[in-house]
Amino acid sequence: MMGSDEEEDDERRGANFFFSSALQESHPLAAKLADADQFGFQESSAQSSGSLQEDLLLEPPSYADAIFSRDLSHSMTAVFSQTDSFSNVLTITVTDPQKIPESGASLAAGVASSYVTYLINTHTNIASYQGSDFSVRRRFRDVVTLADRLAQSFRGFFIPPRPDKNTMESQVMQKDEFIENRRAALEKYFSRLAAHPVLRRSDELRLFLQAEGKLPLAPTTDMASRMLDGAANLPRQLFGEGSTILAPHEAAQPTKGGRDLVRLFKELKQSVTNDWGSTRPAIIEEDRVFLKKKEKLQDLEHHLSDASQQAEVLVKAQQEVGEVMGELGLAFIKVAKFEMEAGFTPVHAADAKCVATGAVKASRFYRECTAHCVQHLDTLHEYLALMQGLHTAFADRSNALLTVQTLMSDVATNNMRIEKLEAASNKFFGGNSTHNRKVSELKGAVKVTEEARDLAQKEYDCIKEHNRAELERFEEERQRDFTNMLQGFAHTQVGYAEKICNVWTEVAKDEMSYSGRIAEPFSQFYK
């Protein structure tokens with residue numbers, strides 16, 4: 001059944017797809033339908049709505065009415081939506097954006113800069129949160145910090161990607177549309193985090209949602225600063241003033257930070273050796289099941305991209321059909337008015353009025369259908385975006401394996417140096433003190449490196465297990481969400497096709513009743 005204009009506008013604003021800005025604008029017919037009232041057809045919409053209500057009371061509901069009696073506005077709002085599989089509830093909403101002047105900073109002389117904060121509202125029954133309802137204010141920079149900390153602490157997990165930071169943010173921040181789009185993107189991001197079985201219980205997310213005032217999570221250092229620190233330490237490491245031995249607890253962390261350039265160069269060398277060297281690394285990726293799944297997911301990403309593009313074409317075309325249908329209805333309204341005012345055949349005026357009313361009704365159904373299709377087909381776009389989290393998790397696995405390979409290579413290299421030094425020292429009576437001292441240093445380095453290698457191996461094994469569990473979860477949720485998407489899309493097409501068919505069936509019946517009347521001959525008009 002047709003809802004009120006306010007419900008339709010809310011539904012349209014909530015439909016955020018590939019071309020959300022176009023769908024969020026007022027419908028092109030919204031203002032023109034008011035013009036139709038001036039032509040003497042104000043009763044058309046009201047009568048049609050009333051007749052539909054009466055039909056429902058007198059006759060069994062049609063397929064379309066049965067389908068759309070359910071609340072479709074909340075279906076498929078998030079890819080990893082919360083389901084009954086979680087006995088604990090964690091619901092996060094983002095509301096009330098506020099602009100805050102930033103003291104001591106300006107974009108130009110006399111122009112004060114500002115930033116936007118959002119009210120993050122949480123409802124949960126998870127015991128670790130020690131509360132059920134609470135709200136905090138956060139800015140986008142805090143969200144970036146949260147995402148970075150989750151990426152560091154949960155390597156190997158499919159972490160949902162955060163909304164991108166707009167490069168033109170300083171110029172568009174004053175635009176309400178940009179702020180609203182970011183608010184909606186943040187809410188969707190937190191919905192994905194809340195639905196993740198591990199991330200939803202993380203200390204990082206709990207502190208972000210619950211800690212009052214300034215975010216207690218320390219922001220990560222940017223890449224440029226880390227590279228500068230690494231460059232400053234490099235001369236001391238090369239000339240022996242700084243240690244080049246990797247501390248065991250640091251071995252489990254990725255090297256892409258750039259603070260230790262010597263380690264970075266070593267892993268780069270190991271990577272080249274793996275690809276082009278004649279010797280095989282001591283350990284390689286041998287999980288054939290994982291490699292096969294990874295290859296299939298790469299193919300899936302390409303298919304999702306193609307389907308996403310075609311879905312965009314379909315929804316745009318469907319939207320255009322509705323707009324053109326509405327324009328046609330308005331044109332026939334003008335024809336009917338002219339027929340009546342000019343004294344032409346009354347039957348033609350009634351026919352034009354009937355077709356005009358049907359076209360306007362059909363246009364509104366096309367608009368509703370487009371909004372529902374956007375909600376369902378948005379799943380394609382969501383999963384395409386989530387592939388970034390899969391790539392990151394697989395990269396964590398590759399980096400962890402590279403660290404293990406590099407450390408094993410370091411152990412082997414140092415053992416070879418020890419053998420050579422010991423052989424050279426044995427040539428001297430009583431040994432060579434310099435060689436003996438170097439041997440002692442290398443044995444200490446080997447011991448530390450072996451401990452680091454063992455920790456790195458444990459980290460690699462953990463990431464492998466995380467990948468395995470995440471792949472199972474991803475496939476289960478994808479099957480569920482894609483089934484809901486396809487069923488919802490099919491029901492939408494069938495339901496609205498029947499609604500539009502009913503509109504034109506009524507028009508055809510009215511036209512048949514008009515055709516039975518005897519029209520005044522045109523010749524009488526020209527006398």
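In these views, a helix is a DSSP run of H or I with at least four residues, and helices are numbered from the N terminus. Please keep in mind that this is a predicted model.

**View 1. The whole chain, to get your bearings.** The chain has 527 residues, and 40% of them count as buried. Its secondary structure consists of 16 helices and 3 strands. Among the contacts with a separation of 6 or more, 79% come from residues 24 or more positions apart.

**View 2. Two neighbours on one helix: Arg183 and Glu180.** Let's start with a pair on α8: the side chains of Arg183 and Glu180 form a salt bridge, at 3.0 Å from N to O. The two residues are 3 apart in helix α8, so about one helical turn separates them. Are they buried or exposed? Arg183 counts as buried because its relative accessibility is 15%, under the 20% limit. Glu180, with a relative accessible area of 37%, is partly exposed.

**View 3. The largest nonpolar core.** Which residues touch the most other members of this 32-residue core? They are Ile120, Leu146, Leu150, Phe190, Leu193, Phe208 and Leu209. Two or more residues come from each of β1 (90–108), β2 (111–124), β3 (133–139), α6 (140–153), α8 (176–195) and α9 (203–210). With 7 residues, α8 gives the most to this core.

**View 4. Leu146 and its contacts.** Zoom in on Leu146, one of the residues that touch the most other members of the largest core. With neighbours within four places in sequence set aside, what does Leu146 contact? The list is Phe190, Leu193, Glu204, Leu205, Phe208 and Leu217. There is also a second, separate core, made of 29 residues, and Phe365, Leu377, Met387 and Phe474 are among them.

**View 5. Helix α6 against α9.** Here is a handy pair for checking your own geometry script: the axes of α6 and α9 are 9 Å apart, and the helices pack at an angle of about 165°. The two helices are therefore roughly antiparallel, as the angle is over the 145 degrees that this label needs. The crossing of α6 past α9 is right-handed. On the α6 side, the contact is made by Asp142, Val143, Leu146, Arg149, Leu150 and Ser153, and on the α9 side by Glu204, Leu205 and Phe208.

**View 6. Helix α6 against α8.** How do the axes of α6 and α8 cross? They come within 12 Å, and the crossing angle is roughly 25°. That makes the two helices roughly parallel, a label used for angles under 35 degrees. In this case α6 passes α8 in a left-handed crossing. Phe140, Val143, Leu146, Ala147 and Leu150 of α6 make the contact with Arg182, Leu186, Tyr189, Phe190 and Leu193 of α8.

**View 7. Arg397 and Glu285.** A search of the whole structure gives 21 salt bridges, and this view shows one that involves Arg397. The side chains of Glu285 and Arg397 meet at 2.9 Å, N to O, in a salt bridge. This pair links distant parts of the chain, for Glu285 sits in the loop between α12 (261–276) and α13 (288–342), while Arg397 belongs to helix α14 (residues 346–425), 112 residues apart. Glu285 is buried, with a relative accessible area of 17%. Arg397 counts as buried too, because its relative accessibility is 3%.

**View 8. Arg397 and Asp287, with a salt-bridge network.** Stay with Arg397 for a moment: Asp287 forms a salt bridge with Arg397, and the closest N and O atoms are 3.6 Å apart. Here again distant parts of the chain are linked, with Asp287 in the loop between α12 and α13 and Arg397 in helix α14, 110 residues apart. Asp287 counts as partly exposed, at 30% relative accessibility. Which residues are joined into one network by salt bridges that share partners? They are Lys188, Arg192, Asp378 and Glu382.

**View 9. Phe365 on α14.** To finish, look at Phe365, which lies in helix α14 and is included in the second core. Phe365 counts as buried because its relative accessibility is 4%. How far apart are Phe365 and Val503, in sequence and in space? They are 138 residues apart in sequence, with 9.7 Å from C-alpha to C-alpha.

Conventions:
Residues numbered from 1 in each chain as written. Predicted model: local features only at pLDDT ≥ 70, side-chain atom pairs only at ≥ 80, totals over all residues. Heavy atoms only, no water. Core = buried A, V, L, I, M, F, W, Y, C linked by side-chain atoms within 4.5 Å. Buried < 20%, exposed > 50% of the residue type's maximum accessible area, 1.4 Å probe, protein only. Contact = heavy atoms within 4.5 Å. Salt bridge = Lys/Arg side-chain N within 4 Å of Asp/Glu carboxyl O. Axes fitted to C-alpha atoms, helices over the stretch in contact; angles between N-to-C directions. Parallel < 35°, antiparallel > 145°, perpendicular 65-115°, else oblique. Left-handed = near helix turned anticlockwise from the far one by under 90°.
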